[in-house]
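The following exercises are to be worked with the sequence and the coordinates at hand. Each task is followed by a solution in steps.

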Amino acid sequence: MKTNPHAEPGSAGARADKPLEFLSFTLGEEEYGIDIQKVQELRGYDAVTRIANAPEFIKGVVNLRGIIVPIIDMRVKFALGNPSYDQFTVVIVLNIGGRVVGMVVDSVSDVITLEAAQIKDAPQMGSLLDTDYLIGLGTLGERMLILVDIDRLMSSEEMGLIEKAAA
């Protein structure tokens with residue numbers, strides 16, 4: 001498991017000795033996991049207000065109890081084909097560094113607890129694939145989860161784009 005020297009206390013990189021809890025979700029055929037502590041709530045996908053000139057992965061914004069929340073479609077972000085929205089589509093509302101962001105995924109499975117031994121390092125892909133946002137691969141029997149460092153994925157550059165879109 002990568003140990004992130006910049007990890008906040010309570011983030012996955014800082015507590016490798018304790019079991020970690022991940023919210024598992026699907027995008028296309030793959031199953032992903034994010035730190036459950038970053039999740040504020042789960043919501044069904046509702047219509048969003050589009051923002052002119054926003055990057056394609058920013059679907060728009062919604063008003064969530066008085067807070068304007070940017071909505072990011074992870075299928076578009078990861079270039080996984082055209083997204084489709086149905087009764088299983090979920091928005092995971094995240095709280096990242098005091099910012100609230102919605103992340104659209106195909107479906108949410110469950111909360112999974114993984115011991116450090118069940119988390120393998122992400123394979124090094126060289127310059128072919130940016131794996132900086134991966135914590136590693138979680139294994140649970142035959143099941144494999146791509147563990148995403150959501151703080152890193154929603155990098156400050158992208159957060160700047162998202163904040164400009166929401167303003």
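A contact means heavy atoms within 4.5 Å. The model is a predicted one: local features need pLDDT of at least 70, side-chain atom pairs count only at pLDDT 80 or more, and totals for chains, interfaces and linings use all residues. Residues are numbered from 1 along each chain as its sequence is written, and side-chain values use heavy atoms, with hydrogens and water left out.

**Exercise 1. Chain overview**

Task: State how many helices and strands the chain has, and give the order of the elements.

Solution. Step 1: take helices (H or I, at least four residues) and strands (E, at least two) as DSSP runs, numbered from the N terminus. Step 2: the chain then has three helices and 11 strands. Step 3: read from the N terminus, the elements follow the order β-β-β-β-β-α-β-β-β-β-β-β-α-α. Step 4: for burial, buried means under 20% relative accessible area, exposed over 50%, and partly exposed in between (1.4 Å probe, protein chains only). Of the 167 residues in the chain, 44% are buried. Step 5: among contacts in the chain with a separation of 6 or more, 55% come from residues 24 or more positions apart.

**Exercise 2. The five-stranded sheet**

Task: Determine the strand order of the open sheet of five strands and its edge strands.

Solution. Step 1: two strands pair if DSSP finds at least two bridges between them. Step 2: the order is β3-β6-β7-β5-β4, with mixed pairing. Step 3: β3 (39-44) and β4 (58-64) each pair on one side only and are the edge strands. Step 4: from one strand to the next the twist averages 30°, where axes are lines fitted to C-alpha atoms, for helices over the stretch in contact, and angles run from 0 to 180 degrees between N-to-C directions. Step 5: within this sheet, β5 (residues 67-73) and β7 (residues 99-105) are parallel and share three bridges. I71 has G102 in β7 as its bridge partner.

**Exercise 3. The surroundings of I71**

Task: Is I71 buried or exposed, and which residues does I71 touch?

Solution. Step 1: I71 lies in strand β5. Step 2: I71 counts as buried because its relative accessible area is 4%. Step 3: leaving out residues up to four places away in sequence, I71 touches V48, F57, I58, K59, G60, V62, V91, G102 and V104. Step 4: I58, one of these residues, belongs to strand β4 and is buried because its relative accessibility is 1%. Step 5: compare C-alpha distances to V104. I71 is 33 residues from V104 in sequence and 6.9 Å from it in space; I58 is 46 residues from V104 in sequence and 9.9 Å from it in space.

**Exercise 4. The six-stranded sheet**

Task: Give the strand order of the open sheet of six strands and describe the pairing of β10 with β11.

Solution. Step 1: the order is β8-β1-β2-β11-β10-β9, and the pairing is mixed. Step 2: the edge strands, each paired on one side only, are β8 (107-114) and β9 (119-120). Step 3: β2 (residues 30-35) and β11 (residues 143-148) run parallel and are joined by two bridges, with I146 of β11 as the bridge partner of Y32. Step 4: β10 (residues 134-140) and β11 run antiparallel, joined by six bridges; G136 stands opposite L147. Step 5: their hairpin has two residues between the strands, and G141 there takes a positive phi near 65°. Step 6: β9 and β10 run antiparallel with two bridges, and K120 is opposite L137.

**Exercise 5. Positive phi outside glycine**

Task: Where do N53 and A79 lie, and is each buried or exposed?

Solution. Step 1: most residues other than glycine have a negative phi, and most peptide bonds are trans. Step 2: N53, not a glycine, has a positive phi of about 65°. N53 is in the loop between β3 and β4 and is exposed, because its relative accessible area is 82%. Step 3: A79 has a positive phi near 55°. A79 lies in the loop between α1 (74-77) and β6 (90-96) and counts as exposed because its relative accessibility is 67%.
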